[in-house]
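Reader: I would like a close look at a single part of this structure. Please take one helix and go through its side chains step by step.

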Amino acid sequence: MKQLTKAEEEIMQILWDLGEGNVASILEEMPEPKPAYNTVSTIVRILETKEFVGYKKQGRGHIYFPLVAKSDYSSASMSKMVNDYFNGSFKSMVSFFVKKKEMSASELESILKEINKKDD
């Protein structure tokens, strides 16, 4: 799966939340300072080219909608991160966060409970 730029991912997050929308409705959801309308329109067209976004015509405009599920993109992104930075080892990734004190013992325990639940 293709990786998205930060700007593309920001727009996809909005479309995943909205379900569908035109450029104006996407722009409305963006934080200040808002980019120009044409900038958002260009990024949406790039997402369309990358096959992340589809559209349907509505009047003279388009209504855009995600073609890729958020969960699918998240899974692919996490796998890429684990492969690129932790040699494909989830254990190394978790160990990294524990050593950096960005994960508490209770959070680690919660993760272990989730893993054990999945094995049942």
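Author: One definition is needed at the start: a residue is called buried under 20% relative accessible area, exposed over 50%, and partly exposed in between. The model is predicted. The part chosen here is helix α6, which covers residues 105-119.

Begin with E109. Its relative accessibility is 47%, so E109 counts as partly exposed. K113 has a relative accessible area of 52% and is therefore exposed. The side chains of E109 and K113 meet in a salt bridge, with 3.8 Å from N to O. Both belong to helix α6 and lie four residues apart, which means that about one helical turn separates E109 and K113. Side chains of opposite charge can pair when their charged atoms come close.

The helix also carries nonpolar side chains. I111 is found in helix α6, and I111 counts as partly exposed because its relative accessibility is 33%. Together with L112 and I115, I111 makes a nonpolar surface patch of about 240 Å².

A pair in another helix can be set beside this one. In helix α4 (residues 70-86), K80 and D84 are four residues apart, so about one helical turn lies between K80 and D84. Their side chains meet in a salt bridge of 2.4 Å, N to O. K80 is partly exposed at 37% relative accessibility, and D84 is partly exposed at 46%.

As for the wider setting, the domain assignment gives domain 1 (6-66) and domain 2 (89-117). The centres of domain 1 and domain 2, taken over C-alpha atoms, are 35 Å apart.

Note on methods: Residues are numbered from 1 along each chain as its sequence is written. This is a predicted model: local features need pLDDT of at least 70, side-chain atom pairs count only at pLDDT 80 or more; totals for chains, interfaces and linings use all residues. Side-chain values use heavy atoms; hydrogens and water are left out. Domain bounds come from an automatic or database domain assignment. Patches are made of residues with over 30% relative accessible area and no salt bridge: like charges are joined within 9 Å, nonpolar side chains (Val, Leu, Ile, Met, Phe, Trp, Tyr) within 5 Å. Accessible areas come from the Shrake-Rupley method with a 1.4 Å probe; for residues, only the protein chains shown count as cover. A salt bridge is a side-chain nitrogen of Lys or Arg within 4 Å of a carboxyl oxygen of Asp or Glu. Helices (H or I, at least four residues) and strands (E, at least two) are DSSP runs, numbered from the N terminus. Buried means under 20% relative accessible area, exposed over 50%, partly exposed in between (1.4 Å probe, protein chains only).
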